[in-house]
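I opened my notebook to get to know a new structure, one entry at a time. Have a look at it with me before reading on.

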Amino acid sequence: MGKKNKKEKKVKGAEKTAAKMERKVSKRSRKEEEDLEALIAQFQTLDAKKTQIIETPCSPPSPRLNASLSPHPEKDELILFGGEYFNGQKTFLYNELYFYSIRKNTWTKVEIPNPPPRRCAHQAAVVPQGGGQLWVFGGEFASPDGEQFYHYKDLWVLHLATRTWEQIKDYIYYNDVYAFSLDTYTWSKLCPSGTGPTPRSGFQMSVSSEGTIIIYGGYSKQRVKKDVDRGTLHSDMFLLKCEEGKEEGKWTWTRVSPSGVKPTPRSGFSVAMAPNGRTLLFGGVCDEEEEESIKGDFFNDLYFYDIAKNRWFAGQLKGPKTEKRKCRRGKKPQPDSVESQERVETHPQQLQEEIKEVVAEDGTVVTIKQVIPVAGTSAVSQSEEEDASDEAGSPLVEPCARSNAMLALKQGVLYVYGGMFEAGDRQFTLNDFYCIDLHKMEEWKVLVDMDPKTQEWLEESDSEDEDEVGGAEGGEEEEEDEETEEESEEDEEGSQHPAVKPNEKYSDYLPRTEEYWVKVARNNMGPDAKDKKVIRVAHAMAKTFYGDSV
């Protein structure tokens, strides 16, 4: 009888502890959401103190991802704006503005009064009107702990000639297709005929030389069972065209199924418009979702989509020319000729998976996996293969595998800046800078190098979690005075959590009771809480209750 009473008391104490934890998590979540806009306003107050334009020559920008890198419409410059960086404990957001001189290979930081708030994952576009303009739309702001997010729907324009920011407030934003007029500064809703893409995030949009809009890829979640979602990588492609010869503004969706060497499924890739009206795709990541973790395979490959042929081609390096190879080849075919395209198609470049171990400053050993071309196996003729064997021993210079890199193309040269990759539980945010001449496709050139192992990484502190679950083992008396009223309410409700069966493992207990714990978490966090956060809190409560019951 004594053992039974002791067991019941322990279970009751665990119930109270779990309920307290629910309230703490819910209260903290609501408070952070309320403070997020205040934090943004605080940053804007600091920006408002800037009253003059300051241009400062500087070293390359700090590591970041999800920034925008845009070619200047009038000058040989690239424009970098915004971005984010995570060091293992804290998330940093930027609204810095940098200009990169292609001819001088130099960076300049430009501080302009009244800039857009700090953000990442925004959309940017450049136009030649008015001496050149950089348009910035939307984006995301995150709390320092990376748990809360604010999504912008504002529109800004940077007037490059006068170095001034302007917020455009005449707009309406939905998740449909809209066009913005640069003449009237107004939005108009497009109602295309045909079947367009399903709702998704993370897709990429590009525009052909004829004005056709290309939509490729994306990511969405699908409900597999109650309160459980599973991610889906999309690899479909759609064209949005304005029909000629019909009434103005008549747009049509068309789904296409390109042939050729297609990119493998991925998200986080980057696109840019390549020469001859092609769309270029670089890098990305394929996430393999497991029960409680996500493992990503990162890429550094190049693909080209030819809209005229509705065909994908794999981008392949030819290697630097030598005098010997010039003599044997004679006149080489142009890279965009039919002969070159057929050779690329019939002799695809071989790829291999390379695994590297990097030792960080703190002694942590991380493993980096990337897919790289095998030296000497690019699509070349027999004589070229013989010549390539002389260069097989030279190291291959190229960007490491990554996602969310920034791309810009100027005068046929592709520039790749930054991005990120993961190794184990660590995230490496890059600030290296590469370029490659797409007309020659001979070799990558390093403009700014970076050694990932030198990047600081702070392990996440467990002190906060320990504080929340500190009373899990018979600790109900610790907060008895301050929680008296809440505990009495719990006693009146008389709720009973699902009991742990004899010899039941947590891996069996969670699936059996997950629906119940998700419901409890949802009731406490409110209907507006994100599913991912609700599930995380539900699992924490279930684990705490299980630990106190066995």
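These are my entries on sheets, salt bridges and one helix.

**Before starting**

I reminded myself that this is a predicted model.

**Entry 1: a sheet of four strands**

I began with the sheet that contains S6. In what order do its strands run? I read S6-S7-S8-S9, an open sheet of 4 strands with antiparallel pairing. I then checked the edges: S6 (123–127) and S9 (164–168) each have a single partner strand, so one side of each is left without a neighbour in the sheet. From one strand to the next, the twist averages 25°.

Next I looked at the pair in the middle of that order. S7 covers residues 133–142 and S8 covers residues 149–159, and the two pair in the antiparallel sense over 9 bridges. I picked out one bridge to find by eye: Ala142 has Phe149 in S8 as its partner. As a reminder to myself, strands of a sheet pair through backbone hydrogen bonds, either parallel or antiparallel.

**Entry 2: another sheet of four**

I moved along the chain to the sheet that contains S23. This is also an open sheet of 4 strands, in the order S23-S24-S25-S26, and its pairing is antiparallel. At the edges I found S23 (406–410) and S26 (445–448), each pairing on one side only. Neighbouring strands here are turned by 30° against each other on average, direction ignored.

How many bridges join S24 and S25? I noted 10, in the antiparallel sense, between residues 413–423 of S24 and residues 426–437 of S25. One bridge to look for joins Glu422 to its partner Gln427 in S25.

**Entry 3: salt bridges**

Side chains of opposite charge can pair when their charged atoms come close. I looked up how many such salt bridges there are, and the structure holds 13.

I started with Arg119 and Asp154, whose closest N and O atoms are 2.8 Å apart. This pair links distant parts of the chain: Arg119 lies in the loop between S5 (106–111) and S6, Asp154 lies in S8, and the two are 35 residues apart. So this bridge reaches into a strand of the sheet in my opening entry. Are these two residues buried or exposed? Arg119 counts as buried because its relative accessibility is 0%, and Asp154 is buried as well, at 8%.

My next stop was Arg278 with Asp306, where the closest N and O atoms are 3.7 Å apart. Here too distant parts of the chain are linked: Arg278 sits in the loop between S17 (270–273) and S18 (279–289), while Asp306 belongs to S19 (residues 294–306), 28 residues away. I noted that both Arg278 and Asp306 are buried.

Then I turned to Glu504 and Arg512, whose side chains meet in a salt bridge at 2.8 Å, N to O. Glu504 counts as buried at 11% relative accessibility, whereas Arg512 counts as partly exposed at 37%.

I also found a network of salt bridges that links Asp47, Lys50 and Glu111.

**Entry 4: helix H8**

Last, I followed H8, which runs over residues 531–549 and has 19 residues. From its first C-alpha to its last, H8 reaches 27 Å, close to the 27 Å expected at 1.5 Å a residue. Which residues of H8 are buried? Among them I listed Lys533, Val534, Ile535, Met541, Phe545, Tyr546 and Asp548.

Key:
Residues are numbered from 1 along each chain as its sequence is written. This is a predicted model: local features need pLDDT of at least 70, side-chain atom pairs count only at pLDDT 80 or more; totals for chains, interfaces and linings use all residues. Side-chain values use heavy atoms; hydrogens and water are left out. Two strands pair if DSSP finds at least two bridges between them. Axes are lines fitted to C-alpha atoms, for helices over the stretch in contact, and angles run from 0 to 180 degrees between N-to-C directions. A salt bridge is a side-chain nitrogen of Lys or Arg within 4 Å of a carboxyl oxygen of Asp or Glu. Buried means under 20% relative accessible area, exposed over 50%, partly exposed in between (1.4 Å probe, protein chains only). The expected span of a helix is 1.5 Å times one less than its number of residues.
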